[in-house]
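Visitor: I'm new to this one. Could you show me how to read its features, one at a time?

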Amino acid sequence: MMGFPRREVVEGLKKQYPPGTKVVLDFCDDEYREMPSGMEGVVTGVDDAGQLHAKWANGSTIALVYGHDRWHKA
């Protein structure tokens, strides 16, 4: 079972990925949405649980989970 990331990690994510940052999806295991590697998105925010919220090229607004999903800046 995954826990929440430490506060310092969340604050670091918020600084590294401010709203408007372009990101590329490396991995997202979501059984309800097709989220292929290489898809681009624009960050809308990072919440206090360390989830990166983005508007994705396929129209999805799925959040990525720190420590589970993987992404990088475009």
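Visitor: Let's start with K14. How exposed is K14?

Guide: K14 is partly exposed, with a relative accessible area of 28%. Keep in mind that we're looking at a predicted model.

Visitor: And what does the side chain of K14 meet in a salt bridge?

Guide: Here's the general idea: side chains of opposite charge can pair when their charged atoms come close. In this structure, K14 pairs with D48, at 2.6 Å from N to O. D48 sits in the loop between strand 2 (40–46) and strand 3 (51–56), while K14 belongs to helix 1, so this salt bridge links distant parts of the chain, 34 residues apart. As for D48, its relative accessible area is 64%, so it counts as exposed.

Visitor: How many salt bridges does a search of the whole structure find?

Guide: Two. Besides the one we just saw, R6 forms a salt bridge with E8, and their closest N and O atoms are 3.3 Å apart. R6 is exposed at 57% relative accessibility, and E8 is exposed too, at 55%.

Visitor: Now the rings. How do I read an aromatic pair?

Guide: A pair of aromatic rings is described by the distance of the centres and the angle of the planes. This structure holds one such pair. It's made by Y17 and W71: the ring centres are 6.1 Å apart and the planes meet at 70°, so we call the pair edge-to-face.

Visitor: Where do Y17 and W71 lie?

Guide: Y17 is in the loop between helix 1 (7–16) and strand 1 (22–27), and W71 is in strand 5 (residues 70–73), so the pair ties together parts that are 54 residues apart in sequence.

Visitor: Are Y17 and W71 buried or exposed?

Guide: Y17 is buried, at 7% relative accessible area, and W71 is buried as well, at 11%. Y17 has another partner to look at: the charged end of K73 sits over the Y17 ring, 5.9 Å from the centre.

Visitor: What about the nonpolar side chains?

Guide: In soluble globular proteins, nonpolar side chains tend to be buried together. Here, the largest nonpolar core has 16 residues, and those touching the most other members are Y17, V23, M35, L52, W56, L64 and W71. Helix 1, strand 1, strand 2 and strand 3 each supply at least two residues, with strand 3 giving the most, three.

Visitor: Which residues is V23 in contact with, leaving aside its neighbours within four places in sequence?

Guide: The list includes Y17, L52, W56 and W71, along with M39, V43 and K73.

Definitions and conventions:
Residues numbered from 1 in each chain as written. Predicted model: local features only at pLDDT ≥ 70, side-chain atom pairs only at ≥ 80, totals over all residues. Heavy atoms only, no water. Phe/Tyr/Trp six-rings, centres within 6.5 Å; stacked < 30°, edge-to-face > 60°. Helix = DSSP H or I, 4+ residues; strand = E, 2+ residues; numbered from the N terminus. Buried < 20%, exposed > 50% of the residue type's maximum accessible area, 1.4 Å probe, protein only. Lys NZ or Arg CZ within 6 Å of the ring centre and 35° of its normal. Salt bridge = Lys/Arg side-chain N within 4 Å of Asp/Glu carboxyl O. Core = buried A, V, L, I, M, F, W, Y, C linked by side-chain atoms within 4.5 Å. Contact = heavy atoms within 4.5 Å.
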